[in-house]
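Grab a pencil and work through the exercises below with the model open beside you. Each task comes with a solution in small steps.

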Amino acid sequence: MDYLKIRPATIDDIDMVIAINIECLPEHYPLNFWLEHLEKWGDIFYVAELNNEIVGYVLSRVEEGHSHFKSKHIKMGHIVSVAVRSRFRRKGIATYMIIALLETLKFAYSAEEAFLEVRTSNEPAIKLYEKLGFITIKKLSQYYLDGEDALLMAKAL
Ligand code: ACO
Ligand code: ZN
């Protein structure tokens with residue numbers, strides 16, 4: 001039987017998380033970026049472990065800013081990077097990780113919203129976020145280094 005565990009990342013996971021990021025996404029980060037996130041936001045940096053193997057991660061941080069839905073200043077979770085290795089996709093793993101993350105953002109950080117940016121061409125990810133209740137706030141023109149636009153998506157928690 002398959003055994004899936006969603007848990008906070010540890011230093012021992014970082015090499016695998018970086019490998020998954022490189023394998024799955026065009027946006028890469030230096031080692032320090034990952035280590036700083038682990039130190040500051042380790043409880044909202046999740047990995048998915050399937051049968052003792054890391055198959056995905058979601059990295060986030062908490063920021064303050066203007067609500068996407070109301071006229072006020074709030075704490076919000078910024079989902080920076082999510083990936084699941086291709087052969088483990090469509091099993092609900094990203095969904096489980098993001099649901100766990102949204103719970104922690106709301107109850108441990110009192111974040112009132114979560115938001116993220118996603119490439120306009122990234123249909124699987126956009127579908128995933130819509131299914132989780134995120135809505136498109138606006139298009140961010142030429143957001144990525146290669147000139148592609150992003151959708152800014154947000155969800156009230
Ligand atoms: N086509 C259409 N809909 C999809 C697809 C797809 N290929 N993949 C997921 N979805 C939608 C479906 O509605 C799906 O539900 P269903 O399977 O019941 O139809 C729902 O999303 C949930 O899918 P999960 O199984 O939870 O998602 P998965 O574990 O496969 O991971 C992810 C999705 C993270 C987008 C994965 O495809 C991936 O790693 N892609 C490459 C990296 C990437 O694009 N990351 C997001 C970038 S944006 C950012 O990081 C903020
Ligand atoms: Zn972002």
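**Exercise 1: an aspartate in a loop**

Aspartate 149 has a relative accessibility of 19%, so it counts as buried (under 20% is buried, over 50% exposed, in between partly exposed, with a 1.4 Å probe and protein chains only).

Before going on, some ground rules: this is a predicted model, where local features need pLDDT of at least 70 and side-chain atom pairs count only at pLDDT 80 or more, while totals for chains, interfaces and linings use all residues. Residues are numbered from 1 along each chain as its sequence is written, chains are lettered from A and ligands numbered from 1 in the order in which they are written, and side-chain values use heavy atoms, with hydrogens and water left out.

Task: find where aspartate 149 sits and which backbone nitrogen lies 2.7 Å from a polar atom of its side chain.

Solution:
- Step 1. Place the residue: aspartate 149 belongs to the loop between strand 6 (135–140) and strand 7 (150–156). Helices (H or I, at least four residues) and strands (E, at least two) are DSSP runs, numbered from the N terminus.
- Step 2. Look for the partner: the nitrogen is that of glutamine 142, at 2.7 Å from the aspartate 149 side chain.

**Exercise 2: around the ligand**

Task: work out which residues come nearest to ligand 1, and which parts of the fold supply its shell.

Solution:
- Step 1. Look at the shell: there are 24 residues around ligand 1, and Val82, Arg90, Gly92, Thr95 and Asn122 come nearest. A residue is near if one of its heavy atoms lies within 4 Å.
- Step 2. Trace the elements: strand 4 (73–84), helix 3 (93–107), strand 5 (113–119) and helix 4 (123–131) each give at least two shell residues.
- Step 3. Sort by class: 14 of the shell residues are nonpolar, 4 polar and 6 charged.
- Step 4. Check the polar atoms: a backbone N or O atom of valine 82 is 2.8 Å from a ligand 1 nitrogen, and one of valine 84 is 2.8 Å from a ligand 1 oxygen. An N or O atom in the asparagine 122 side chain is 2.7 Å from an oxygen of ligand 1.
- Step 5. Now the cover: on its own ligand 1 exposes 980 Å², and the protein buries 81% of that. Areas come from the Shrake-Rupley method with a 1.4 Å probe; for residues, only the protein chains shown count as cover.

**Exercise 3: two positive phi values**

Task: say where arginine 90 and asparagine 51 sit, and whether each is exposed, partly exposed or buried.

Solution:
- Step 1. Arginine 90 is in the loop between strand 4 and helix 3, with phi near 60 degrees, positive although the residue is not glycine.
- Step 2. Its relative accessibility is 85%, so arginine 90 is exposed.
- Step 3. Asparagine 51 is in the loop between strand 2 (45–50) and strand 3 (53–66), and its phi is near 50 degrees, again positive in a residue other than glycine.
- Step 4. At 37% relative accessibility, asparagine 51 is partly exposed.

**Exercise 4: a helix asparagine**

Task: is asparagine 21 buried or exposed, and which side chain does its own side chain contact?

Solution:
- Step 1. Asparagine 21 is part of helix 1 (residues 14–24).
- Step 2. With 1% relative accessibility, asparagine 21 is buried.
- Step 3. Its side chain makes a polar contact of 3.0 Å with that of tyrosine 57. A polar contact is a pair of N or O atoms within 3.5 Å; within protein, one must be able to donate a hydrogen and the other to accept it, and residues adjacent in sequence count only if both atoms are side-chain atoms.

Note on methods:
Nonpolar A, V, L, I, M, F, W, Y, C, P; charged D, E, K, R; others polar.
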